[in-house]
Amino acid sequence: MKLRILVAGIAAMALAAGAGAQDMSKFKDGPVITGFGKTAPIESDLPIPKKTVYKVMFDISAAAKPGEVNRTLDSAARFINMHVAAGVPEKNIRVVVVVHGKGGDDLTNDTFYGARNEGKANANAPLIAQLLAHGVQIYICGQSATAYGVSKGDLLPGVKMSLSAMSAFALFGQQGYVLLP
């Protein structure tokens, strides 16, 4: 009897997973960051005032799987793309990404990254270059970097080091930035 209930539960979960499969066909490249941060047009009930100034922070603590793009970096690109597509001027969107823990590996150059990931190139590098080119500030926690053996010379061009992730969150929070989950 217990086995039958377990099998029925597993079957129900499999059906639910299939029914909840994502349809990404409506998601397109954004107007700012290309190849990343795809968005879908939405008829929103929450108006986005065109003069809104966004000051947001993203928190990364986990690295992506080797060869994959960090999901939170992609979310930062999506945030920019969807708001510009909704009519907010790009100059009104200020984004900071703070990285700590093993997530720091995703900010490193191919030599350093490859040494830790079976010779693979860092798939995050093209996205990071675009984010930086569009004014996104990316900081690695100096405490985590030290703990994991990452030096400034190991970082991708434009990535900065802060004393700590906690310091970065506190300082940007005092400047009016909000942490997005």
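**Exercise 1. A loop glycine**

Leaving aside neighbours within four places in sequence, which residues is glycine 103 in contact with? Locate the residue in the fold and state whether it is buried or exposed.

Solution. The model is a predicted one. Step one is the position: glycine 103 belongs to the loop that links strand 2 and helix 3. Step two is the list of partners, which consists of Ile60, Ser61, Ala62 and Ala63. Step three takes one of these partners, isoleucine 60, whose C-alpha lies 6.0 Å from that of glycine 103, although 43 residues separate the two in sequence. Step four is the accessibility: the relative accessible area of glycine 103 is 0%. Buried means under 20%, so glycine 103 is buried.

**Exercise 2. Confidence and overall make-up**

Describe the make-up of the protein chain and find where the pLDDT is below 50.

Solution. Begin with the average: the pLDDT of the protein chain averages 91, and 89% of the residues score at least 70. The stretch below 50 covers residues 1–16, which have zero contacts in the model beyond near neighbours in sequence. Where pLDDT is low, the predicted coordinates should not be read in detail.

Next, count the elements. The protein chain holds six helices and five strands, and their order from the N terminus is α-β-α-β-α-α-β-α-β-α-β. Of its 181 residues, 37% are buried. The exposed surface comes to about 10600 Å², with 61% supplied by carbon and sulfur atoms. Finally, take the contacts between residues at least 6 apart in sequence: 69% of them join residues at least 24 apart.

**Exercise 3. The sheet**

In what order do the five strands form the sheet, and which strands stand at the edges?

Solution. The order is 4-3-2-1-5, in an open sheet with parallel pairing. Strand 4 (160–162) and strand 5 (178–179) each have a single partner strand, so they stand at the edges with one side left without a neighbour in the sheet.

Now look at one pair. Strand 1 (residues 54–60) and strand 2 (residues 93–99) run parallel and are joined by seven bridges. Within this pair, valine 56 is opposite valine 95, and aspartate 59 is opposite valine 98.

Then check the burial of both strands. In strand 1, five of the seven residues are buried, so the rest of the structure largely encloses this strand. In strand 2, six of seven residues are buried.

Last, add the helix that lies across the sheet. Helix 6 (residues 165–174) lies across strand 1, strand 2, strand 3, strand 4 and strand 5, and runs at about 170° to strand 1.

**Exercise 4. The buried side of helix 4**

Which residues of helix 4 are buried, and why are they on the same side of the helix?

Solution. Helix 4 spans residues 125–133, and its buried residues are Leu127, Ile128, Gln130 and Leu131. They lie on the same side of helix 4 because the arc they cover around the axis is only 165°. An α-helix has 3.6 residues a turn, so residues three or four places apart point the same way. The cover over the buried residues of helix 4 includes helix 2 (71–85) and strand 3 (137–141). Just after helix 4 comes glycine 135, with a positive phi of about 85°.

**Exercise 5. Two loop residues**

For threonine 39 and glutamate 118, decide in each case: buried or exposed?

Solution. Threonine 39 sits in the loop between helix 1 (2–19) and strand 1. Its relative accessible area is 11%, so threonine 39 is buried. Not counting residues up to four places away in sequence, threonine 39 touches Lys26, Phe27, Lys28, Arg78, Asn81 and Met82.

Glutamate 118 sits in the loop between helix 3 (110–116) and helix 4. Its relative accessibility is 77%, so glutamate 118 counts as exposed. The backbone deserves a note: phi of glutamate 118 is positive, near 55°, in a residue other than glycine. Most residues other than glycine have a negative phi.

Notes. Residues numbered from 1 in each chain as written. Predicted model: local features only at pLDDT ≥ 70, side-chain atom pairs only at ≥ 80, totals over all residues. Heavy atoms only, no water. Helix = DSSP H or I, 4+ residues; strand = E, 2+ residues; numbered from the N terminus. Buried < 20%, exposed > 50% of the residue type's maximum accessible area, 1.4 Å probe, protein only. Contact = heavy atoms within 4.5 Å. Areas by Shrake-Rupley, 256 points an atom, 1.4 Å probe, with all protein chains shown as cover. pLDDT = per-residue confidence, 0-100. Arc of directions from axis to C-beta. Pairing = 2+ DSSP bridges. Axes fitted to C-alpha atoms, helices over the stretch in contact; angles between N-to-C directions.
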